[in-house]
Amino acid sequence: MATTASGRQAWRQLMRNTSRGPASSLSKPQPQQQYRFAFSRQVSSKARVASGRAASQPPSSIFRQQQQQQPFAQRSYSSGSQGGKNTPPRNSQQVKFWPFVVVIALGSGGYVLLVNRRKEMPPTDTASSGGSSTPAFSPAEVTVLFVLGGPGAGKGTQCSRLVRDYHFKHLSAGDLLRAEQDRPGSQYGQLIRDCIKNGEIVPMEVTVALLENAMRETIASTGVRKFLIDGFPRKMDQALKFEEIVCPARLVLFYDCPEAEMERRLLERGKTSGRADDNAESIRKRFRTFVETSMPVVDAYDREGRVVKVDATATPDQVYAATVDKLKKALGDKL
Ligand SMILES: Nc1ncnc2c1ncn2[C@@H]1O[C@H](COP(=O)(O)OP(=O)(O)OP(=O)(O)O)[C@@H](O)[C@H]1O
Ligand SMILES: O=c1ccn([C@@H]2O[C@H](COP(=O)(O)O)[C@@H](O)[C@H]2O)c(=O)[nH]1
């Protein structure tokens, strides 16, 4: 994976801050630099999904241009010092050496500092919790079901019932993001607000950290180790990162519903939900993101035989009966 050292450092810093903070929230405000990092990591993860293209690519054309331009710059720079006819001849005794000594001393000092800082860093390519890239939770001890489906397919409705009957912990990625958005002092508040309104996906670092924190908090406070992760992963990079550093998912519970029905449900819900994205314009954008970005995630899991698909068009009771029936077959006593 094409990951820069500063990128890894920023990821670790984010995780350190989040795991120190209150449960299910990203704790103290971060410097602006890390805000930018969220995006650069996203790009590098995309690059990984595209078979690590970035690592093998030559420098960008802009970089090459800079390299080519250097000799010209040097020539025009030196042309002035070669002197016109009015330039007095250079006296070698006027050449001062102390600036060179200062530059060399500063350079060496900087290098030593850099080397020492590098030694203090934990090993590279670790993400969460400062360990290796081994997931934080083993699938033998923790059961994770991803719950996916289009906006308004009924994921939350079905999760509530599974919690009631089968003692899962329901973690809605959307709810965690909305809580983080409203948390005073969150540096991600505005970013999350904009993404939600436009139906876009919040950079994965934020969402994965919120979910991991919420899982840790749940296990510590209740001992529950069965999780329904609702509305996540919505993008391939989220799926890869979560399974790499948090926990491999047992399966994806996918609620299949036509857009017209989902739109009807969301517009109805919008009359009372108070959600900034339950309006016609945001719904349209959410549908587009779902088709273009989230369905490929479902398809990828499907190719691995990890999807349990349920028709979500019937009444909530009927959908629930189908859900339980299929989950029993897939999970046995893990349900
Ligand atoms: N099977 C169903 N038939 C009719 N209405 C339903 C059904 N399931 C859920 N609803 C209603 O549709 C709306 C959306 O349901 P829900 O909030 O569960 O969907 P969701 O998939 O979690 O949505 P989102 O992705 O936006 O969070 C709610 O008002 C809910 O009461
Ligand atoms: O992993 C996620 C999950 C959600 N979002 C953003 O939140 C909204 C609302 O999600 P719901 O599941 O409908 O509550 C979604 O449209 C995204 O903007 C996200 O970015 N990443």
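In this predicted model, a polar atom in the side chain of Gln 238 lies 3.1 Å from an oxygen atom of ligand 2. Ligand 2 sits in the largest pocket, and the space taken by ligand 1 is the largest pocket as well. Arg 275 has side-chain polar contacts to an oxygen atom of ligand 2 and to an oxygen atom of ligand 1. Beyond the ligands, the points below cover an aromatic pair, a cis peptide bond and a positive phi.

**Ligand 2: contacts and cover**

- Besides the Gln 238 contact at 3.1 Å, a side-chain N or O atom of Arg 275 is 2.9 Å from an oxygen atom of ligand 2.
- Arg 286 also places a polar side-chain atom 3.5 Å from an oxygen atom of ligand 2.
- On its own, ligand 2 has 460 Å² of accessible area, and the protein covers 96% of it.

**Ligand 2: the shell**

- The elements giving two or more residues to the shell around ligand 2 are α7 (173-182) and α8 (189-197).
- Helix α7 gives the most, with 4 residues.
- Ligand 2 is surrounded by 17 residues. The closest are Arg 178, Glu 200, Val 202, Arg 234 and Arg 275.
- By class, this shell divides into 7 nonpolar, 4 polar and 6 charged residues.

**Ligand 1: contacts and cover**

- A polar atom in the side chain of Lys 155 lies 2.7 Å from an oxygen atom of ligand 1.
- Gly 152 takes part through its backbone: a polar atom there is 3.2 Å from an oxygen atom of ligand 1.
- Arg 275 has a polar side-chain atom 3.4 Å from an oxygen atom of ligand 1.
- Ligand 1 exposes 620 Å² when taken alone, and the protein buries 76% of that.

**Ligand 1: the shell**

- The space that ligand 1 takes up is the largest pocket.
- Helices α6 (155-166) and α11 (259-273) are the elements that give two or more residues to the shell around ligand 1.
- In total, 17 residues surround ligand 1. Lys 155, Thr 157, Arg 269, Arg 286 and Ala 314 are the closest.
- The shell around ligand 1 has 6 nonpolar, 6 polar and 5 charged residues.

**Arginines at both ligands**

- Arg 275 is listed among the closest residues to ligand 2, and a polar atom of its side chain is 3.4 Å from an oxygen atom of ligand 1.
- Arg 286 is listed among the closest residues to ligand 1, and a polar atom of its side chain is 3.5 Å from an oxygen atom of ligand 2.

**Aromatic pairs**

- The whole structure holds 4 aromatic pairs.
- One of them is formed by Phe 146 and Phe 232 in an edge-to-face arrangement. The centres are 5.8 Å apart, with 70° between the planes.
- This pair links distant parts of the chain, with the two residues 86 residues apart.
- Phe 146 belongs to strand β1 (residues 143-149), and Phe 232 to the loop between β3 (226-230) and α10 (236-245).

**Backbone features**

- Phe 232 is also joined to Pro 233 by a cis peptide bond, with omega about 0°.
- Pro 233 is in the loop between β3 and α10.
- His 167 has a positive phi, near 55°, and is a residue other than glycine.
- His 167 lies in the loop between α6 and β2 (169-172).

Note on methods
Residues are numbered from 1 along each chain as its sequence is written. Chains are lettered from A and ligands numbered from 1 in the order in which they are written. This is a predicted model: local features need pLDDT of at least 70, side-chain atom pairs count only at pLDDT 80 or more; totals for chains, interfaces and linings use all residues. Side-chain values use heavy atoms; hydrogens and water are left out. A residue is near a molecule or strand if one of its heavy atoms lies within 4 Å of it. A polar contact is a pair of N or O atoms within 3.5 Å; within protein, one must be able to donate a hydrogen and the other to accept it, and residues adjacent in sequence count only if both atoms are side-chain atoms. Accessible areas come from the Shrake-Rupley method with a 1.4 Å probe; for residues, only the protein chains shown count as cover. On a 1 Å grid over the protein atoms alone, a cavity is a set of points where a 1.4 Å probe fits but cannot get out, and a pocket is an open set with protein on both sides within 12 Å along at least five of seven lines; lining residues have an atom within 4 Å of a point. A molecule sits in a cavity or pocket if more than half of its atoms lie within 2 Å of its grid points. Ala, Val, Leu, Ile, Met, Phe, Trp, Tyr, Cys and Pro count as nonpolar, Asp, Glu, Lys and Arg as charged, and the others, Gly among them, as polar. Rings of Phe, Tyr and Trp (its six-membered ring) pair if their centres lie within 6.5 Å; planes under 30 degrees apart count as stacked, over 60 as edge-to-face and the rest as tilted.
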